[in-house]
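Please look over the sequence and the structure shown here before reading on. The notes that follow begin with confidence and overall layout, and then turn to a pair of packed helices.

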Amino acid sequence: MTWATGVSLLQVVAATGCGLVAGLLFVFSAGVLTALGRLPADDGAVAMRAVNAAVLNPLFLGVFVGTAVVCAVLVVAVAVGGGPVTAAVAGVLYLVGVLGVTVAVNVPLNEALAAGRVGWADYRRRWGRWNHVRTTAATVALVLLVAA
(Lines give C-alpha, C1' and ligand atoms only; values in the text may rest on other atoms or scores of the structure.)
Protein backbone atom coordinates (compact mmCIF):
# COMPACT_ATOMS: atom_id res chain seq x y z
CA MET A 1 0.00 0.00 0.00
CA THR A 2 1.34 3.43 -0.90
CA TRP A 3 1.32 6.40 1.42
CA ALA A 4 -1.38 8.11 -0.67
CA THR A 5 -3.55 4.99 -0.57
CA GLY A 6 -3.19 4.84 3.22
CA VAL A 7 -4.22 8.47 3.58
CA SER A 8 -7.16 7.90 1.23
CA LEU A 9 -8.29 4.89 3.26
CA LEU A 10 -8.06 6.93 6.46
CA GLN A 11 -10.19 9.64 4.80
CA VAL A 12 -12.89 7.11 3.89
CA VAL A 13 -12.99 5.65 7.39
CA ALA A 14 -12.98 9.11 9.00
CA ALA A 15 -15.71 10.35 6.64
CA THR A 16 -17.88 7.34 7.46
CA GLY A 17 -17.47 7.93 11.19
CA CYS A 18 -18.09 11.68 10.83
CA GLY A 19 -21.24 10.94 8.85
CA LEU A 20 -22.60 8.53 11.43
CA VAL A 21 -21.85 10.88 14.31
CA ALA A 22 -23.20 13.93 12.45
CA GLY A 23 -26.43 12.06 11.76
CA LEU A 24 -26.93 11.07 15.37
CA LEU A 25 -26.18 14.56 16.65
CA PHE A 26 -28.45 16.09 13.99
CA VAL A 27 -31.37 13.94 15.16
CA PHE A 28 -31.01 15.44 18.63
CA SER A 29 -30.78 19.00 17.26
CA ALA A 30 -33.61 18.50 14.79
CA GLY A 31 -36.16 16.82 17.00
CA VAL A 32 -35.27 14.82 20.08
CA LEU A 33 -34.60 17.79 22.38
CA THR A 34 -37.73 19.54 21.14
CA ALA A 35 -39.80 16.41 21.75
CA LEU A 36 -38.36 15.96 25.23
CA GLY A 37 -38.99 19.65 25.92
CA ARG A 38 -42.70 19.11 25.27
CA LEU A 39 -42.88 16.64 28.13
CA PRO A 40 -43.34 17.73 31.72
CA ALA A 41 -39.91 18.81 33.00
CA ASP A 42 -39.40 15.81 35.27
CA ASP A 43 -40.35 13.39 32.48
CA GLY A 44 -38.09 15.10 29.96
CA ALA A 45 -35.15 14.96 32.36
CA VAL A 46 -35.81 11.29 33.16
CA ALA A 47 -35.97 10.44 29.45
CA MET A 48 -32.73 12.30 28.70
CA ARG A 49 -30.94 10.60 31.59
CA ALA A 50 -32.08 7.26 30.14
CA VAL A 51 -30.76 8.23 26.70
CA ASN A 52 -27.45 9.35 28.18
CA ALA A 53 -27.07 6.02 29.99
CA ALA A 54 -28.10 3.94 26.96
CA VAL A 55 -25.72 5.66 24.54
CA LEU A 56 -22.71 4.59 26.60
CA ASN A 57 -22.40 1.30 24.77
CA PRO A 58 -19.63 -0.31 22.71
CA LEU A 59 -21.26 0.40 19.35
CA PHE A 60 -21.69 4.14 19.88
CA LEU A 61 -18.43 4.62 21.78
CA GLY A 62 -16.55 2.58 19.17
CA VAL A 63 -17.77 4.83 16.36
CA PHE A 64 -17.48 8.09 18.33
CA VAL A 65 -14.04 7.48 19.83
CA GLY A 66 -12.83 5.40 16.88
CA THR A 67 -13.55 8.29 14.55
CA ALA A 68 -11.48 10.55 16.81
CA VAL A 69 -8.58 8.11 16.71
CA VAL A 70 -8.75 7.84 12.92
CA CYS A 71 -8.95 11.63 12.63
CA ALA A 72 -5.88 12.01 14.85
CA VAL A 73 -3.95 9.46 12.78
CA LEU A 74 -5.07 11.24 9.61
CA VAL A 75 -3.83 14.60 10.90
CA VAL A 76 -0.43 13.10 11.73
CA ALA A 77 -0.27 11.22 8.41
CA VAL A 78 -0.92 14.39 6.42
CA ALA A 79 1.54 16.39 8.53
CA VAL A 80 4.31 13.80 8.22
CA GLY A 81 3.82 12.36 4.77
CA GLY A 82 1.72 14.85 2.92
CA GLY A 83 -1.78 14.63 1.63
CA PRO A 84 -4.74 16.90 1.33
CA VAL A 85 -4.60 19.67 3.91
CA THR A 86 -8.40 19.75 3.95
CA ALA A 87 -8.33 16.19 5.31
CA ALA A 88 -6.12 17.31 8.20
CA VAL A 89 -8.37 20.32 8.83
CA ALA A 90 -11.36 17.96 8.93
CA GLY A 91 -9.58 15.78 11.45
CA VAL A 92 -8.80 18.72 13.70
CA LEU A 93 -12.37 19.98 13.37
CA TYR A 94 -13.75 16.62 14.54
CA LEU A 95 -11.26 16.40 17.39
CA VAL A 96 -11.96 19.91 18.67
CA GLY A 97 -15.55 20.56 17.60
CA VAL A 98 -17.00 17.13 18.34
CA LEU A 99 -14.79 15.27 20.80
CA GLY A 100 -13.50 18.37 22.58
CA VAL A 101 -16.94 19.96 22.98
CA THR A 102 -18.39 16.64 24.13
CA VAL A 103 -15.75 16.19 26.81
CA ALA A 104 -15.68 19.85 27.91
CA VAL A 105 -19.40 20.68 27.80
CA ASN A 106 -21.92 17.96 26.98
CA VAL A 107 -20.60 15.20 29.28
CA PRO A 108 -20.33 17.53 32.30
CA LEU A 109 -23.89 18.70 31.61
CA ASN A 110 -25.04 15.08 31.41
CA GLU A 111 -23.35 14.38 34.74
CA ALA A 112 -24.94 17.50 36.26
CA LEU A 113 -28.38 16.39 35.03
CA ALA A 114 -27.86 12.91 36.46
CA ALA A 115 -26.84 14.36 39.83
CA GLY A 116 -29.67 16.91 39.89
CA ARG A 117 -27.28 19.87 39.84
CA VAL A 118 -28.88 21.51 36.78
CA GLY A 119 -32.50 22.26 35.98
CA TRP A 120 -34.10 20.69 32.92
CA ALA A 121 -34.77 23.97 31.07
CA ASP A 122 -31.20 25.22 31.59
CA TYR A 123 -29.77 21.84 30.66
CA ARG A 124 -31.81 21.62 27.44
CA ARG A 125 -30.85 25.15 26.38
CA ARG A 126 -27.12 24.75 27.05
CA TRP A 127 -26.81 21.13 25.89
CA GLY A 128 -28.78 21.90 22.75
CA ARG A 129 -26.66 24.94 21.86
CA TRP A 130 -23.45 22.94 22.16
CA ASN A 131 -24.99 19.99 20.34
CA HIS A 132 -25.59 22.32 17.38
CA VAL A 133 -21.86 23.11 17.47
CA ARG A 134 -20.98 19.40 17.48
CA THR A 135 -23.44 18.68 14.67
CA THR A 136 -21.99 21.46 12.54
CA ALA A 137 -18.40 20.40 13.23
CA ALA A 138 -19.07 16.75 12.34
CA THR A 139 -20.95 17.75 9.18
CA VAL A 140 -18.29 20.18 7.99
CA ALA A 141 -15.59 17.60 8.75
CA LEU A 142 -17.51 15.07 6.63
CA VAL A 143 -17.81 17.53 3.73
CA LEU A 144 -14.10 18.39 3.90
CA LEU A 145 -13.13 14.72 3.93
CA VAL A 146 -15.32 13.96 0.94
CA ALA A 147 -14.00 17.03 -0.91
CA ALA A 148 -10.39 16.11 -0.14
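**Briefing on a predicted helical model**

This is a predicted model, and the mean pLDDT of the protein is 95, with 96% of its residues reaching 70 or more. The protein has 5 helices and 0 strands, and the points below go from the whole chain to one helix pair and then to single residues.

**Confidence and overall layout**

- Confidence is not even along the protein, since helix α1 (residues 3–37) has the lowest mean, at 91, while α4 has the highest, at 98.
- When the protein is read along its sequence, the pattern of elements is α-α-α-α-α.
- Taken along the principal axes, the box filled by the C-alpha atoms of the protein is roughly 55 × 25 × 20 Å.
- The protein has 148 residues, and 38% of them count as buried.

**How helices α4 and α5 pack**

- Two packed helices are described by the angle between their axes and by the distance between those axes.
- Helix α4 covers residues 85–115 and helix α5 covers residues 120–147, and the two pack at an angle of about 165° with their axes 8 Å apart.
- Angles over 145 degrees count as roughly antiparallel, and α4 and α5 are therefore roughly antiparallel to each other.
- The crossing of α4 and α5 is left-handed, and the contact between α4 and α5 has 21 nonpolar, 6 polar and 2 charged residues by class.

**A closer look at helix α5**

- Helix α5 has 28 residues, which at 1.5 Å a residue should span 40 Å, and this agrees with its end C-alpha atoms, which are 40 Å apart.
- The buried residues of α5 include the aromatic-named positions W120, Y123 and W127, and also among them are G128, N131, R134 and L145.

**Two residues of helix α4**

- V105 has its place in helix α4, and because residues under 20% relative accessible area count as buried, V105 is buried at its value of 18%.
- V105 and R126 are 21 residues apart along the chain, and their C-alpha atoms are separated by 8.8 Å.
- P108 also lies in helix α4, but at 32% relative accessibility P108 counts as partly exposed.
- P108 and W127 are 19 residues apart in sequence, and from C-alpha to C-alpha they are 9.8 Å apart in space; W127 is one of the buried residues of α5.

Key:
Residues numbered from 1 in each chain as written. Predicted model: local features only at pLDDT ≥ 70, side-chain atom pairs only at ≥ 80, totals over all residues. Heavy atoms only, no water. Axes fitted to C-alpha atoms, helices over the stretch in contact; angles between N-to-C directions. Helix = DSSP H or I, 4+ residues; strand = E, 2+ residues; numbered from the N terminus. Parallel < 35°, antiparallel > 145°, perpendicular 65-115°, else oblique. Left-handed = near helix turned anticlockwise from the far one by under 90°. Nonpolar A, V, L, I, M, F, W, Y, C, P; charged D, E, K, R; others polar. Expected span 1.5 Å × (residues − 1). Buried < 20%, exposed > 50% of the residue type's maximum accessible area, 1.4 Å probe, protein only. pLDDT = per-residue confidence, 0-100.
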